[in-house]
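Please take a look at the entry shown below before reading on. A visitor will ask about it, and a guide will reply.

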Number of protein chains: 2
Amino acid sequence: MKEYIKENEPRFVEEWFSLLRIPSVSSQTEHKADMGRCAERWRELLLSSGADRAEVMPTGGNPVVYAERIVSPDLPTVLVYGHYDVMPAEPLELWQSEPFEPTIRDGRVYARGADDDKGQAMIQAKGFETALHAGAVHCNVKFILEGEEEVGSESLIAFCKTHGELLRADVILVSDTSMVSAETPSLTTGLRGLSYWEIEVTGPNRDLHSGHFGGAVANPINALCKLIASVTDADGRITLPHFYDDVEELSADEKAMIARVPFDEEAYKRAIDVDEVFGEKGYSTLERNSCRPTFDVCGIWGGYTGEGSKTVLPSKAYAKLSCRLVPHQDPERITRMMIDYLQAAAPTGVRVKVDFKHSGEPYVCPIDLPAYKAAEAGFTIAFGRQPLAVRRGGSIPVIPAFEKILGLKTVLMGFGLERNAIHSPNESFGLDMFRIGIEAVAEFYNHYK
Amino acid sequence: MKEYIKENEPRFVEEWFSLLRIPSVSSQTEHKADMGRCAERWRELLLSSGADRAEVMPTGGNPVVYAERIVSPDLPTVLVYGHYDVMPAEPLELWQSEPFEPTIRDGRVYARGADDDKGQAMIQAKGFETALHAGAVHCNVKFILEGEEEVGSESLIAFCKTHGELLRADVILVSDTSMVSAETPSLTTGLRGLSYWEIEVTGPNRDLHSGHFGGAVANPINALCKLIASVTDADGRITLPHFYDDVEELSADEKAMIARVPFDEEAYKRAIDVDEVFGEKGYSTLERNSCRPTFDVCGIWGGYTGEGSKTVLPSKAYAKLSCRLVPHQDPERITRMMIDYLQAAAPTGVRVKVDFKHSGEPYVCPIDLPAYKAAEAGFTIAFGRQPLAVRRGGSIPVIPAFEKILGLKTVLMGFGLERNAIHSPNESFGLDMFRIGIEAVAEFYNHYK
């Protein structure tokens, strides 16, 4: 299969570039037409990659692309998921080349979406094509590509609810995650969940003179800080009663597996320029950022924030609050717990309003799934070494949604690397990893029976 | 003297209006020429009010207006201070009439500066003129008017340092404060001081993905909230060791005097729409907002503050912090204390930088000063009742600066009212209070010997 990949690489890259040239930014309405163009381009590419049926299907939002190659109802079915939308390219001035004109420098492709998820979804399509050419596909294959992953997957989730039969499968395969490093290939076996809220603290009905009122009227910024500070203790643990009730403690085996992941804490600290790491007492950095829940304020604002100084006792203060959640924690239960806590703990003299914004369930992939084993075999052949099974700290809300709606587990066969700078200026993807990924996916099919 | 005021009122008002028509906004550079025009107009008015010498004197910034009527070196000298600059009129759309075209509605003059401080400074000038006409001025009188009060009085403070002889006097008289209410005339005998800082908390060197890093890296917003929360306790007291060392406890007499000020706490809460007042345990609202130090966050910002949600572990968080200070507290000592505390208390994993922005000393006027007694007599005659002596919560940095540089106490003979809406749209001043004020000032001269 290596040979097929080598021979066809120029065409594979040209096809990939044809997607990267379409600015399919889902969060910017001026790109509405580009969403349709990108979906249509994917339809063509999936057909030419070996699907025997492909169509662009409408939803309440951006369309989804559906394709399939059905060999026999007796064979298992793999549903490949990806997304064709990308994050905004801004700030444009930080890009070294045009974000929507892919450019190769030093063996890497630079463009918005080079990795997330046009590059990785192309690896799936071309891995499938390669396996097909080698007669190594022993299952039915379906593809579903959505155009709203970067804005919450609302339309896809609705689509899944009404298209259960169309999407019937045995397992889902996704390339949209990253590995520990290029030297340490890994498969993602867990994702954290997430709950996100916005809090509004109201003191007086207008901004007051801090000289005339200060000391006698509660200041909503002071109050908000007290509230936020009270959610965690000095050891980095969340103080809400019952918050950890459903959190499973890591077993000795799991701790040992995490300890085997190559990790240089000094280099980690240097890379982000902090003197010390900080997190929940009793856990290592890799445990903290993947297997433990968190409470992070993502934004805060209130009062006078301009130049110089203004002596004001403000009327309102706001913050965006989030918790990453781990398997067995229920985002709805955590949301109720957090809202109840913040309202009950509101200091005297202020009113607290908490709005739920969004949430995602945590996810775990059992490593004894046949599809996981096949992915492991594919990685082992393509990388020349067995991949580690690691839980990651991020959240992909659509993955647990698939489990809930379609009853399907997902195998996360991601080829991303930290240096690819997804969501940031100068996103890139290595051509070598593109080739290795295609081979790993082709070998997945070869081993999935 | 009432008669002279009545006869001359139309001219007094026209003179006052001639000042209000000049948009002498010190913080907006496009009004640079208006500053000079306003100073020159004041020079003319002070001469016509009875000064025998008046000049516009240059400074490093806007000029000061100096005028004097020296009767004899053997007599005591009163130095009258005021300011001819005003706050910006914006937001203009909230004004019911042009801010720089004074308009009379229901016996009130509406214009920017109607009160602060063109109206009140005119009361001083016309009170002096009235007393002079009645042969009731038994002292030398000097006037100094600055054009930068609303932007920090920097040039005036420098001017005082180099013009000690010119400004030599026994006491300073100022009309630039407000009274408890129209029914409860009062003289301000104390002002709080102020220190103002900006804090910057830095975590990682760039915004991080809260899924990949959350839980393992200190979040600067969480850290800033912990820091701010720790500055006060649940009883509203400031926790910094030695913070209260120099604060004098209110005597039983002072507490009794404050308790005599008419104050309706329910109406106060309704006016600003809070369910409860909040402040330092053990003190009443009027004690808290005038005689006790405070810690108020005036602004806070960091991370993602736009619409919707972004899961980010931000690099930085900021806040504008302020303390109102009471007599004997030294802003420099408090600044050192606050900076040392915040840096020492910085949570693990973040760096804290605190910048001093500005400060003002607190101020107390002894009520046995001859000039205070004369002001009290003037109020008693003009209002028909004895004024209360009250300490106010605001700060006028130039008043303690006069004490420090010129060695002079100031008597604060202010005629403002909350409803006058200084610094806000539709600033106004009552014509009745204009007349009463002029009489009170004229009677001050009559009683000051």
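What follows is a set of questions and answers on domains, the chain interface and salt bridges.

This is a predicted model, in which local features need pLDDT of at least 70 and side-chain atom pairs count only at pLDDT 80 or more, while totals for chains, interfaces and linings use all residues. Residues are numbered from 1 along each chain as its sequence is written, chains are lettered from A and ligands numbered from 1 in the order in which they are written, and side-chain values use heavy atoms, with hydrogens and water left out.

Visitor: How many Å separate the centres of domain 1 of chain A and domain 2 of chain A?
Guide: The bounds, which come from an automatic or database domain assignment, give domain 1 as 2-191 + 362-447 and domain 2 as 194-246 + 293-360 of chain A. Taken over C-alpha atoms, the separation of the centres of these two domains of chain A is 38 Å.

Visitor: What area do domain 1 of chain A and domain 2 of chain A bury between them?
Guide: Eight residues of domain 1 of chain A are in contact (heavy atoms within 4.5 Å) with eight residues of domain 2 of chain A. Buried area is the accessible area (1.4 Å probe) that two parts lose on being put together, summed over both. For this pair of domains of chain A, with 63% of the value on carbon and sulfur atoms, the area is about 590 Å².

Visitor: What area is buried between chain B and chain A?
Guide: The contact involves 72 residues of chain B and 73 residues of chain A. Carbon and sulfur atoms give 53% of the area buried between these chains, which is about 5,800 Å².

Visitor: Which residues in chain B lose the most area to chain A?
Guide: The area buried between chain B and chain A is about 5,800 Å². Three residues of chain B, together giving 10% of what that side buries, lose the most area to chain A, namely B:Ile272, B:Phe278 and B:Ile300.

Visitor: Which residue forms a salt bridge with A:Arg351?
Guide: A salt bridge is a side-chain nitrogen of Lys or Arg within 4 Å of a carboxyl oxygen of Asp or Glu, and the rule finds two of them across the interface of chain B and chain A. With the closest N and O atoms 3.6 Å apart, the partner of A:Arg351 is B:Asp273.

Visitor: Why does the pair of A:Glu68 and A:Arg53 tie together parts that are apart in sequence, and how many residues lie between those parts?
Guide: The side chains of A:Glu68 and A:Arg53 meet in a salt bridge with an N to O distance of 3.4 Å. Helices (H or I, at least four residues) and strands (E, at least two) are DSSP runs, numbered from the N terminus. Because A:Glu68 lies in strand β2 (residues 64-69) of chain A and A:Arg53 in strand β1 (residues 53-57) of chain A, the pair ties together parts whose separation in sequence is 15 residues.

Visitor: Is A:Glu68 buried or exposed?
Guide: Buried means under 20% relative accessible area, exposed over 50%, and partly exposed in between (1.4 Å probe, protein chains only). Its salt-bridge partner A:Arg53, at 32% relative accessibility, counts as partly exposed. A:Glu68 has 13% relative accessibility and therefore counts as buried.

Visitor: What separates B:Arg43 and B:Glu40 in helix α2 of chain B?
Guide: B:Arg43 forms a salt bridge with B:Glu40, the closest N and O atoms being 3.0 Å apart. Because these two residues are three residues apart in helix α2 (residues 32-48) of chain B, the separation of B:Arg43 and B:Glu40 is about one helical turn.
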